[in-house]
Amino acid sequence: MSDALWVALGASVGAPLRFWLGRRLDGALPWGTLAVNVAASLVLGLCVGWSVDGAALALVGAGFCGGMSTYSSFAVQTRDLGRGRGTTYAVLTLGLGLGAAALGYWLAG
């Protein structure tokens, strides 16, 4: 199976999961978007720590995590929250995302 098909298969799971969590958790504050971006960062950290490559990386890293995470929604929601709350949301998302990736890498080691 080609890498493109592995990516599509992973995205077919990740994107609906993102949509479902966004519908359930996003409100005045975008908790669903924050959750999926942090979770995708954790899984990518695990992939790097386990040195996943080839078809597995296409399926999980590019497909599942790429389909589940949404930095376009993050950007729009940050803008919509305004200067103060948007800045807090951006710092929280980036900090938790980097922390989750580091945690995933550490857990894999």
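**View 1. Tyr71, a partly exposed ring at the start of the aromatic cluster.** At 39% relative accessibility, Tyr71 lands in the partly exposed class, because that class covers the ground between 20% and 50%. This is a predicted model, so read every value here as computed from predicted coordinates. Ring pairs tie Tyr71 to Phe74 and Tyr89 in a cluster, and the structure holds 2 aromatic pairs. In the pair of Tyr71 with Phe74, the ring centres sit 5.6 Å apart and the planes cross at 80°, so this one goes down as edge-to-face. Both residues belong to helix 4 (residues 71–80), and being 3 residues apart there puts about one helical turn between them.

**View 2. Phe74 and Tyr89, a ring pair across two helices.** Is Phe74 buried or exposed? Phe74 is buried, with a relative accessible area of 10%. Phe74 also pairs with Tyr89, and here the geometry is tilted: 5.5 Å from centre to centre, with 50° between the planes. This pair links distant parts of the chain, with Phe74 in helix 4 and Tyr89 in helix 5 (residues 82–108), 15 residues apart. Tyr89 is buried too, just like Phe74.

**View 3. The largest nonpolar core.** Which residues make up the largest nonpolar core? There are 7 of them: Leu34, Val38, Phe74, Leu81, Tyr89, Ala90 and Ala100. Helix 2 and helix 5 each chip in at least two residues, and helix 5 gives the most, with 3. A second core, of 5 residues, lies apart from this one and has Leu21, Val36, Ala40 and Met68 among its members. As background, nonpolar side chains tend to be buried together in soluble globular proteins. Zooming in on Ala90, and skipping neighbours within four places in sequence, the contacts are Phe74 and Thr78.

**View 4. Asn37, a buried residue of helix 2.** Asn37 is found in helix 2. How much relative accessible area does Asn37 have? The value is 1%, so Asn37 counts as buried. Setting aside neighbours within four places in sequence, Asn37 is in contact with Ser69, Thr70, Tyr71, Phe74 and Thr93. Two of the names from the ring cluster, Tyr71 and Phe74, turn up again in that list.

**View 5. A nonpolar patch on the surface.** Leu25, Leu29, Trp31, Leu92 and Leu96 make a nonpolar surface patch of about 430 Å². Trp31 has its place in helix 2 (residues 31–49). With a relative accessible area of 46%, Trp31 is partly exposed.

**View 6. Arg79 and Asp80, an exposed salt bridge.** How many salt bridges does a search of the whole structure find? The search turns up 1. Side chains of opposite charge can pair when their charged atoms come close. In this bridge the side chains of Arg79 and Asp80 meet at 2.8 Å, N to O. Arg79 and Asp80 are both exposed.

**View 7. Ser51, a loop residue with positive phi.** Ser51 has phi near 55°, which is a positive value in a residue other than glycine. Where is Ser51 placed? Ser51 is in the loop between helix 2 and helix 3 (54–68). Its relative accessibility of 55% makes Ser51 exposed, since that class takes in everything over 50%.

Definitions and conventions: Residues are numbered from 1 along each chain as its sequence is written. This is a predicted model: local features need pLDDT of at least 70, side-chain atom pairs count only at pLDDT 80 or more; totals for chains, interfaces and linings use all residues. Side-chain values use heavy atoms; hydrogens and water are left out. Rings of Phe, Tyr and Trp (its six-membered ring) pair if their centres lie within 6.5 Å; planes under 30 degrees apart count as stacked, over 60 as edge-to-face and the rest as tilted. Helices (H or I, at least four residues) and strands (E, at least two) are DSSP runs, numbered from the N terminus. Buried means under 20% relative accessible area, exposed over 50%, partly exposed in between (1.4 Å probe, protein chains only). Patches are made of residues with over 30% relative accessible area and no salt bridge: like charges are joined within 9 Å, nonpolar side chains (Val, Leu, Ile, Met, Phe, Trp, Tyr) within 5 Å. Accessible areas come from the Shrake-Rupley method with a 1.4 Å probe; for residues, only the protein chains shown count as cover. A salt bridge is a side-chain nitrogen of Lys or Arg within 4 Å of a carboxyl oxygen of Asp or Glu. A nonpolar core is a set of buried Ala, Val, Leu, Ile, Met, Phe, Trp, Tyr and Cys residues joined through side-chain atoms within 4.5 Å. Contact means heavy atoms within 4.5 Å.
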